[in-house]
Amino acid sequence: MLTFPCAKINLGLNITSKRDDGYHNLETVFYPIPLTDVLEIKRMDEDFPSEYACDLKITGNSIDGDEQSNLVVKAYQLLAADFTLPRIHTHLFKRIPSQAGLGGGSSDAAFMIRLLDERFRLNLGIAEMERYAARLGSDCAFFITAEPSFATGRGEILEPADGPKGNLHEYYIGIVKPDIAISTREAFAHITCRQPEKSCRDIVRQPISTWKDELINDFEASVFIAHPQLSRIKQRLYDLGAVYAQMSGSGSALFGIFQTDPQQLDQEFGDCFTFSCKL
């Protein structure tokens, strides 16, 4: 069986407080975009000589680390602890760039849960799948439904966003990801927690023309100081006609929302990963 884990962008991101467990509370609007990986599972023959119950092969974009430490395998192991699952071959074709703030790894994990539930008839239901996904990462639960969502807590508490899907209808998105990797630890190192004057959920309900002045990603201030190239990319997206531009998540991908197809991204940012599509 095949499935297509999608990427996400953050429409606004406010880090509101430090938690006792060492994490941070945040507010953001997760919005799915049609940039996808490809995930396939097949039942493994009983005689196939593999030491792993979930034998994973990754192609496409390279990923650092051992394949058995990948979140796709961890999703299998999480469910296998509670359900009887057969051994499987898993193929993950990576298109979503890593350490970009686009949620590729989290999406792969959540879509693996969805795929296992469907293929082996686990009958989990959305709420239970979200609970399993939240154990794998702060934004994993969002990808179980991959619907525009207002997220709080660590990112695992989800409510309907009620707004951006309609606001962005007929717009285009352009994404630029330079060869810069930003770890979550690096991004949080210089954050000053604050309560925003207006929730990002309320802002994305407004006309998109108001977003530039009100919709903020708290990571940008410190990340742009450390990586000024990202600030220049954001400004260039505005120069090219974006009605709104922002770094997604903790970076390093920047996105612009356009009224027409930004076909010039490849020419403008030839050394970077670029992607554009209609929303």
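Trainee: Which handedness does the crossing of H1 and H2 have in this predicted model?
Mentor: Good place to begin, and do keep in mind that the model is predicted. H1 covers residues 71–80 and H2 covers residues 104–119. Their crossing is right-handed.

Trainee: At what angle do H1 and H2 pack?
Mentor: Two packed helices are described by the angle between their axes and the distance between the axes. For H1 and H2, the axes lie 8 Å apart. The packing angle is about 35°.

Trainee: How many residues of the contact of H1 with H2 are nonpolar?
Mentor: Look at who meets whom: H1 brings Leu-71, Val-72, Ala-75, Tyr-76 and Leu-79, while H2 brings Gly-105, Ser-106, Asp-108, Ala-109, Met-112, Ile-113 and Leu-116. Two of the residues in this contact count as polar and one as charged. The nonpolar ones number nine.

Trainee: Is H2 parallel or oblique to H3?
Mentor: The axes of H2 and H3 come within 10 Å and cross at roughly 140°. That angle makes the relation of H2 to H3 oblique.

Trainee: Which residues in H3 does H2 meet?
Mentor: H2 passes H3 in a right-handed crossing. From H2, the residues taking part are Ile-113, Arg-114 and Asp-117. The contact of H2 with H3 divides into four nonpolar, no polar and two charged residues. On the H3 side you will find Met-129, Tyr-132 and Ala-133.

Trainee: What covers the buried residues of H3?
Mentor: H3 spans residues 126–134, and its buried residues are Met-129, Tyr-132, Ala-133 and Ala-134. The cover over them includes H1, H2 and helix H4 (142–145).

Trainee: Now for the strands! Why is E2 largely enclosed by the rest of the structure?
Mentor: Strand E2 runs over residues 6–18, which makes 13 residues to check. A residue counts as buried when its relative accessible area is under 20%. E2 is largely enclosed because the number of its residues that are buried is 11 of the 13.

Trainee: Which residue is the bridge partner of Ile-9 in E3?
Mentor: E2 and E3 (residues 24–36) run antiparallel and are joined by 11 bridges. Cys-6 stands opposite Thr-36 in E3. For Ile-9, the partner is Tyr-31.

Trainee: Which residue takes a positive phi in the hairpin of E2 and E3?
Mentor: Five residues lie between the two strands of this hairpin. The phi you are asking about is near 95°, and the residue is Gly-22.

Trainee: Which are the edge strands of the sheet with the order E2-E3-E7-E8?
Mentor: This open sheet has four strands with antiparallel pairing. Its twist averages 25° from one strand to the next. An edge strand here pairs on one side only, and that describes E2 and E8 (157–160).

Trainee: What is the order of the open sheet that contains E10 and E12?
Mentor: This sheet also has four strands, paired antiparallel. Its edges are E10 (244–247) and E12 (273–278), and the twist averages 15° from one strand to the next. Reading across, the order is E10-E11-E9-E12.

Trainee: Which residue in E11 is the bridge partner of Tyr-244?
Mentor: Strands of a sheet pair through backbone hydrogen bonds, either parallel or antiparallel. E10 and E11 (residues 254–258) pair in the antiparallel sense over four bridges. Opposite Tyr-244, the partner is Ile-257.

Trainee: Which helix packs on the sheet, touching E9, E10 and E11?
Mentor: The helix has residues 228–239, and its direction makes about 10° with that of E11. This helix is H10.

Conventions. Residues numbered from 1 in each chain as written. Predicted model: local features only at pLDDT ≥ 70, side-chain atom pairs only at ≥ 80, totals over all residues. Heavy atoms only, no water. Axes fitted to C-alpha atoms, helices over the stretch in contact; angles between N-to-C directions. Left-handed = near helix turned anticlockwise from the far one by under 90°. Contact = heavy atoms within 4.5 Å. Nonpolar A, V, L, I, M, F, W, Y, C, P; charged D, E, K, R; others polar. Buried < 20%, exposed > 50% of the residue type's maximum accessible area, 1.4 Å probe, protein only. Pairing = 2+ DSSP bridges. Parallel < 35°, antiparallel > 145°, perpendicular 65-115°, else oblique.
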